[in-house]
Structure formats: structure tokens, C-alpha cells
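Morning, everyone. Please look at the sequence and the structure on the screen. I'll walk you through one sheet and two helices.

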Amino acid sequence: MGGGEDEAVQPLFATKQLKGRVAYRCFASTIFVGICLILVYRLKHIPSAEEHGRWAWIGLFMAELWFGFYWIITQSVRWNVIHRVPFKDRLLQRYGEKLPGVDIFVCTADPTLEPPTLVVNTVLSAMAYNYPTDKLSVYLSDDGGSELTFYALLEASRFSKHWIPFCKKFKVEPRSPQGYFVQRNDSQDITYSHEWLAIKKLYEEMKNRIESAVEVGSIPKEVRDQHKGFSEWDSKITKKDHQSIVQILIDGRDTNAIDSDGNRLPTLVYIAREKRPQVHHNFKAGSMNALTRVSSEMSNGPIILNLDCDMYSNDPDAIMDALCFFLDEEKGHRVSYVQYPQHYNNVHKSNIYSCSNMVVNKIELAGLDGYGGALYCGTGCFHRRESLCGRRYSEDFKAEWSTRTWKNAERTVQELEEASKVLANCSYEKGTLWGQEMGLMYGCSVEDVITGLVIQCKGWEPVYYSPYKRAFLGVAATTLDDALIQYKRWAEGMFQIFFSKYCPFFYGHRKIKLGAQMGYCVYLLWAPNSLPMLYYTIVPPLFLLRGVALFPEVSSLWFLPFAYVFTAKYAYSMLEAVWCGDSFKAWWNLERTWLIRSATSYLFALIDNLTKQLGLSETTFVITAKVADEGVLKRYQQEIIEFGNVSLMVTIISTLALLNLFSLVGDDESHLQYGVQGWCCRLDPTYYPMWADCYAQSSSVPCPLYPQ
């Protein structure tokens, strides 16, 4: 067989099993035995009706039963961890100029919480991919309907004529101007240094113009006269009440739309779907569905990449990596989407709010992928347009990758804009299956997860790809309040799925593997974790202060399963975190944050779900700020926890911390007598940081008791 023929049959990606699976399964089996022994102890030693602590004991048994059940659920994402390896060199050799078109969706919703300069940096990074520009189209959805965001995008379209050729000429990384220019320029190349200074000057000038307009809150008349698009905004337009706005800022078909080196520019489109006060707009899901329809009228790329406005591209070859999964001759026709992990560029090594999710990215999501159940996380995801639009997979399905770059190539820009506005109107979806069988699903604040589940249940196979080089970088929360609000929204939406018709155990029955069903529930059951966690945090310290034993004495053999499960669980958790790239201090912070989330975010998510089930409230979507003032940023860089405004969440954290502090400083005789119950407050990292956090907050300096 000739070399060329042999190359043609080689796969475009490989799937590898994580080593050490057998050893881990043996270890997990010992944990399971320990959990069973703990439950046996609880059942055999229930106090009589006359003894103190009977109901507290039964409560602990129920809490430990839940913890045991949830631990079994979490094993699904560690039982079959896999990693994907694409071969983009083979892709280029095989397809060359026959690569499919790619449409990139960037979503923003509020010019205050998501500044226009942040948004256009993400857009510019997407426009600068190492991909044929005539097959690349970028669409910005502005759910805020702000002329400030439109103006920023207009400025970015002009700056892109210089930025894109500069990136490709010098192989710049990252391709977000803001992310790139914060790096030092140590190059000795005179030509490069000269162009670097010139491009940086252009960027700073663009940035200053945008920020000046944002500060004033309006666009100067001389600027408004430069583009017809500004005529869409008048005094009657508000964020929640405006017509559809579609403006093609760069027409990729136009041979005159070229950069400073004479090369074609990618298509760039601004979209603000229609908003009316009396019509529910379905949050980000509605925005994504409008983008899908509008783009189908224009470029109609068979591959769609969706990005949050703060998640810029960090790898210019990410598209090529993703296409390896879609274009593989043997398995590619089954792939619905390729999900990349979420990483952040502002997370410190100690990860004080546990936002980096290293274990989730490297172990849990890869473990879900092992059962064909890769989560759709809402950003950094490449979709097959057909699967996103509701098509079911069938064995005879074969993808046809059209090399045609535009669906309606003969239409003028004005004709396309007018035709597309209809697709972005509020009334368009009435009487259709959009949000039910097509596009992103409606009715849930975590529309991404539920959409991924529906796509998988239609027979498609998603892929999770976690490359060594981070493909996308976003902005993590810089205050505890923002971090907790974000997790509260996620936990609320996840639990809402569990109690809907989309519960994986019912909706996914016989459609996806049991391991995938369990893997989804690792996240869907965050909210109910709050009750047993709170019980375990409150009841043992209270009964310790009263001198009532709820755990075996150290001298008892029943002490051994408690000690083993405790020690083995935390030892493995620490080793797993360090192996995934976290520091010891980051792991310590993760243990603390898990307890704080359980006592606050997950608890309020549970309460809100119950009120929704009773019809007492409706689903809301809270946008977290992507910027912070200088004081907050300074404290964040110093790794000082920013509690933010006084709230019920902070009150709960403080109360639990003080309760455990009082138990911690109790007399040693009591601690020795009651074994686990007394010493858990001294040894357990989920107790200790609670009162240490209060100390750190009251002293306004990093807690000296934290591991440094």
C-alpha cells in the first residue's frame, strides 16, 4: 500500500484510557467497604427512646446515607477516564482547501457588567484564527441592544485590518490584544518591535475611544454619521424594548474587504434580537437560537463555535483540532459537538474561590466523556449545525461538508440584513419547535447542560477535548459574593433539570449509558447536598458542647472505618488535585469553598427550586460582573477574601464558623472522650477554614494559619 493511500485511512484522532484505572477501582472498593461499615455502626447503635441524641443520631445516619449515595454517583466520572488526541497535520494533508465553513457566536448581554472593550477583545481573537478567512464568520449577539457595544464592534472591525495580519505574520499568541499586550516585549527583532509599537498604539487609541464613549454614555454625532447602523438607535430604544437590529460590518464576500496586507477579512456581523416587555426572551438560549437562524441566512457554516464574551481564544489552531473530530472518516459523522474546558487568566495558584476547576476539567468531564456523555458547558464548544438544529442521528447519516461559503451569495448586504431581522423577531418562534426540539432548550437557567443531554439522547456522540495548551481563557469571579451567586445559578438550574422531564435517569433511559446518567447527576444534585452538609456541620458541634456522643470512641474498633474513610478520602482528594495541577493550598481552599457553597449557594438554589415548583417564583438569569474596581482587584491579587456586601450568605458563613470555633476550643477531655466527634473539628479541613475565614475577614489580612 502506498504512503498516500495509507495516510488516507489513518484516523484523525485517537482515544486513550487514563492509566491506573485498576488501582483506583481497588482503592474505591475499600472506601465503599468503609462507608458500609459506618452505616452498619449507625444502625446497630441507634440510641433508645430514653437516651439523649436519638433523633440527632438518626439524622446523622440519613446524612451519611446521602453522602454514601452521592459518593457512588461521583465514582461514575472516575471509573472510565479517557483523553482525546487529534492529528491536525493529517487533517491538513487530507482536506487542504476543502475545509468547511465555521461560524463563531459571541454573546454579551450588558455593557456595564460586560464592558465593550472586553467583548471586542474576544471578537478580535476569534477573527484571527489560523483558518481560511473566506470560511470564517463572526457574529456578535448583543442582548443589551446597546449602541456602545455596536460602536465598539465597529472600531474593532477597523482595527482588525491591522491586527489580523500582524498576528499571522509574527504568529502572535494569544490573539486577544489585551491578553497579548500585557506581556513583555523582549524581542531583539527590530522589524517586529517597530510593528509591535505601531499596533499597540492603534489598539490603545481604539480602546481609549471606546472607553471615552462608554464613560459619556453616548456616541458623538460625527461618529454616528460614519455608519448607517447608528440610525437604528433612537430615544425610544431601551435594553428590554427594541426592534431587531442586524448590521454586517464586514462582508466576507466583498473582494474589497481586505486587511493591510491585501488579504480577505472574515465576515463580522452585529445582532441585537428584538426585545419586548411582554415577551419572554429566554435568556442566553434565545440569543443563541436567534444567532443560529440569522447565520443560516448568511454564511450557514456547518460548524458553529459559541463563546461567552469574556472567553477569548488562546490557541489560534483550536478550530483545526476540533475539526479532526468532525471530519474523521470512521467516527466523525457521529460527533455532535466538541467541548473544550473552561480556564481563566486571572486565577492565582492558591485559587481562593476555587474557580479554576482543575479536577473537574482533567478528571470528571473526561470521565463523563468515557461514557459518551460529554457535558455541553455553554462556551468554548464547537457544534455540528445539524445536531444543534434538532436533527436526530441515524446510522445511514453521512455528513456533506459543503465548501460553499455563503448560502445567499447573490444578495446585497441590505437585503441580507432585512431578511435576517425577521429571523430575530420575537414572533418568529411562535408555533415552532425552537427551544423545544430545535436549538438550545428553553425553561432552564442552565440551558447548555439540558441542550447537551437532549442532543445525546437523539443518538449523537459528543466529545470532550482537554488539550495541554489552553484553547480559551476567561475571567473568573474576584469576590466571594460573585462566585457564590454564579454557583447558586448553576446549582439551581441543575436541580431544576433533575426534577423535570429531562432527568437523566428517565429521559436518558436506554438512550445514554448508565455511567453518563450518573455523571450528569454529580452536578444535578449539588443543591440537595446542602441539607446533609449543613446537618453535619451544625449538629455534631452542638451535641459535643452538650457532652452527647454521636461518634465512636477512639478506643472502639468502630472508630477505624470512620478514620479510614476520612483519611483516605482527603488523602486521595489532595493527591488528585495536585496531580491535576493545583497546589496544596488550592486544594485546601477547594475543601473550604465546597462547604461554603453547600451552606449558601446550594442551599438557596434548593429553596428557589422549591418555590418554583410551588409556583411562587420564576426562573431568573443573573449576570456576574466581568470587571472589578481597583481595591477589589488589589485584595484579590493579595489573596484576601472579598466577602462583598453584607448578606444572608455572609451571615450563614459567619454563624457556622463561630459555632465550629466554639466547639474547637472546647475542653480536651471532652474531645478525647468522644473521639471522632471531638477531633473532627480539629482535623477536618471542612471545619477548620470556616472560622479561619472569619478571622481573615475581621483582620483584613491573609489568615496566618492558612498553609502558605
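One definition before we start: two strands count as paired if DSSP finds at least two bridges between them. Now apply that. Strand β9, residues 335-339, is joined to β12 by three bridges, and the two run parallel. Which residue in β12 is the bridge partner of V335? That is E461.

Keep in mind that this is a predicted model.

Now the whole sheet. This open sheet has eight strands. Read the order with me: β5-β6-β4-β3-β7-β11-β9-β12. The pairing is mixed. Why is one side of β5 and of β12 left without a neighbour in the sheet? Both stand at the edges, β5 at 245-250 and β12 at 461-464, and each has a single partner strand, so one side stays without a neighbour. From one strand to the next, the twist averages 20°.

Next, the helices. Take α5, residues 116-127. This helix lies across β3, β4, β5, β6 and β7. Against β4, residues 136-142, α5 runs at about 165°. Then there is α11, residues 318-327, which also packs on the sheet. Helix α11 touches β3, β4, β7, β9, β11 and β12. Its direction makes about 150° with that of β9.

Now zoom out. The protein has 27 helices and 13 strands. Of its 708 residues, 58% are buried. Take contacts between residues at least 6 apart in sequence: 82% of them join residues at least 24 apart. Last, the surface. The accessible surface comes to about 30200 Å², and 57% of that belongs to carbon and sulfur atoms.

Key:
Residues numbered from 1 in each chain as written. Predicted model: local features only at pLDDT ≥ 70, side-chain atom pairs only at ≥ 80, totals over all residues. Heavy atoms only, no water. Helix = DSSP H or I, 4+ residues; strand = E, 2+ residues; numbered from the N terminus. Axes fitted to C-alpha atoms, helices over the stretch in contact; angles between N-to-C directions. Contact = heavy atoms within 4.5 Å. Buried < 20%, exposed > 50% of the residue type's maximum accessible area, 1.4 Å probe, protein only. Areas by Shrake-Rupley, 256 points an atom, 1.4 Å probe, with all protein chains shown as cover.
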